[in-house]
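Colleague: I would like to go through this model with you and ask how each label is earned. Short answers, please.

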Amino acid sequence: MAINGPRISQSLSKTRAGVFRRIRGLFGQGALDEAAWEELEILLLQADVGISTTTALLNELRRASSQKGAVLRDLLRQNLEAMLSHNGRGPRYPAQGSGPLWVVLVVGVNGSGKTTSIAKLAHYHQQRSRRVLLAAGDTFRAAAIEQLKVWGVRLDIPVVAHQPGADPGAVVYDAIQAALGRGVEVLIVDTAGRLHTKYNLMEELKKIQRVIARQVEGVPQEVLLVLDAATGQNALAQALHFHQALGLTGIFLAKLDGTAKGGIVFAIARELGTPIQYVGTGEQVEDIAEFDAHEFVEGLLSP
Ligand SMILES: Nc1nc2c(ncn2[C@@H]2O[C@H](COP(=O)(O)OP(=O)(O)OP(=O)(O)O)[C@@H](O)[C@H]2O)c(=O)[nH]1
Ligand SMILES: [Mg+2]
């Protein structure tokens with residue numbers, strides 16, 4: 001489904017001009033010499049593809065090492081795309097309504113882009129004529145509640161919020177009651193990225209999940225992790241941590257417009273298996289795109 005706003009390929013301009021430009025440059029007329037193979041390995045690692053994924057890719061390509069550059073580039077493209085084949089799938093809002101309410105729990109470390117991505121998602125559903133409600137589940141920072149309210153006013157979407165320091169479980173409880181009462185179709189829950197050290201973030205998030213599940217069976221349907229595309233290999237460690245605790249259903253890769261790397265997408269896909277659902281391509285609500293593996297890889301490797 002095409003949506004408004006910039007396409008993935010446009011948001012990749014930095015990445016295309018960065019490491020991947022040098023990768024494209026390796027595939028000339030003839031076969032790759034040993035120096036070029038080594039350079040390819042170094043560049044893939046620099047692009048945040050990660051050691052094990054890079055090794056797997058090179059093993060695959062080396063089997064065709066007598067081939068010309070253009071053939072190898074195509075092979076690389078095919079392999080990268082295959083790695084992402086399960087991406088973009090996953091539990092986005094169902095074509096046929098599956099129940100009274102679609103709940104999206106949004107998690108991620110502080111500063112990764114959660115609240116901005118929530119505004120984008122809200123706008124995305126709003127554009128599809130769905131009734132949206134936001135829940136200010138990050139009660140740790142007073143500014144976080146305000147920030148979500150500002151987006152709510154801008155988008156004309158109601159926000160359920162309590163006082164700073166309140167129990168996020170109680171906020172979410174109220175939000176679900178409000179959503180069910182008002183015929184809301186999509187409830188998006190903001191959460192804290194960090195807590196006072198005496199609390200454990202994962203425990204708090206699990207508690208929110210339980211509060212949601214207790215009220216509506218089979219909910220939340222989406223547990224979206226927001227990752228900052230520029231954090232590189234660290235993003236993979238974060239994702240594993242959240243996945244183990246919460247069982248992620250998808251990833252929102254924010255700030256793709258701001259990175260010259262982008263290879264983290266492949267590492268996440270291969271090592272985590274959680275589909276990348278959306279990418280953030282700027283700071284405005286329109287700057288969201290559904291992830292598309294073909295478009296992404298074409299964007300990186302097309303001459
Ligand atoms: N360029 C760009 N900036 C983004 C994108 N998404 C978010 N940002 C910026 O990243 C910064 C942090 O975003 P927030 O949405 O506040 O992040 P957060 O995860 O909610 O942060 P905490 O509430 O502190 O945990 C803001 O300046 C956003 O404008 C994106 O896709 N592209
Ligand atoms: Mg926030």
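Colleague: How many nonpolar, polar and charged residues does the shell around ligand 1 have?

Modeller: This is a predicted model. The shell around ligand 1 has 13 polar, 6 charged and 2 nonpolar residues. Glycine is counted with the polar class.

Colleague: Which of the 21 residues around ligand 1 come nearest?

Modeller: N110, G113, T116, G193 and G280 do. Helix α7, residues 114–127, gives the largest share of the shell, with 4 residues.

Colleague: What makes the chain as compact as a globular protein of that length?

Modeller: Start with its make-up: 13 helices and 8 strands. The radius of gyration is 21 Å, and the globule rule gives 19 Å for 303 residues. The two values are close, so the chain is as compact as a globular protein of that length. The C-alpha atoms fill a box of roughly 65 × 40 × 30 Å along the principal axes.

Colleague: What share of the 303 residues counts as buried?

Modeller: 47% of them do. The cut-off is 20 or more other C-beta atoms within 10 Å.

Colleague: Why is Q233 called partly exposed?

Modeller: Q233 has 16 C-beta neighbours inside 10 Å. Buried needs 20 or more, and exposed needs 12 or fewer. The count for Q233 falls in between, so Q233 is partly exposed. Q233 lies in helix α11.

Colleague: Which residues does Q233 touch, not counting those up to four places away in sequence?

Modeller: D48 and G50. G50 is 183 residues from Q233 along the chain, yet their C-alpha atoms are separated by 6.9 Å. As for the whole chain, take contacts between residues at least 6 apart in sequence: 77% of them join residues at least 24 apart.

Colleague: How do you know that helix α12 is mostly covered?

Modeller: Count its residues. In α12, residues 264–271, 6 of 8 are buried. They are I264, V265, F266, A267, I268 and A269.

Colleague: What do the buried residues of α12 pack against?

Modeller: Their partners include helices α5, α6, α11 and α13, and strands β6 and β7. Just after α12, G273 takes a positive phi of about 80°.

Colleague: What is the order of the strands in the open sheet?

Modeller: The order is β3-β2-β4-β1-β5-β6-β7-β8, with mixed pairing.

Colleague: Why are β3 and β8 said to stand at the edges?

Modeller: Each has a single partner strand, so one side of each is left without a neighbour in the sheet.

Colleague: In which sense do β6 and β7 pair?

Modeller: In the parallel sense, over 3 bridges. Two strands need at least two bridges to count as paired, so β6 and β7 pass. F252 stands opposite Y278 in β7. L253 stands opposite V279, also in β7.

Colleague: What makes β7 largely enclosed by the rest of the structure?

Modeller: 5 of the 5 residues of β7 are buried, so the strand is largely enclosed.

Colleague: Which strands does helix α9 lie across?

Modeller: Helix α9 lies across β2, β3 and β4, and runs at about 165° to β2. Angles run from 0 to 180 degrees between N-to-C directions.

Colleague: Which strands does helix α10 lie across?

Modeller: Helix α10, residues 201–215, lies across β1, β2 and β4. Its angle to β1 is about 175°.

Key:
Residues numbered from 1 in each chain as written. Chains lettered and ligands numbered in written order. Predicted model: local features only at pLDDT ≥ 70, side-chain atom pairs only at ≥ 80, totals over all residues. Helix = DSSP H or I, 4+ residues; strand = E, 2+ residues; numbered from the N terminus. Rg over C-alpha atoms; globule rule 2.2 N^0.38 Å. Contact = placed C-beta atoms within 7 Å. Near = placed C-beta within 6 Å.
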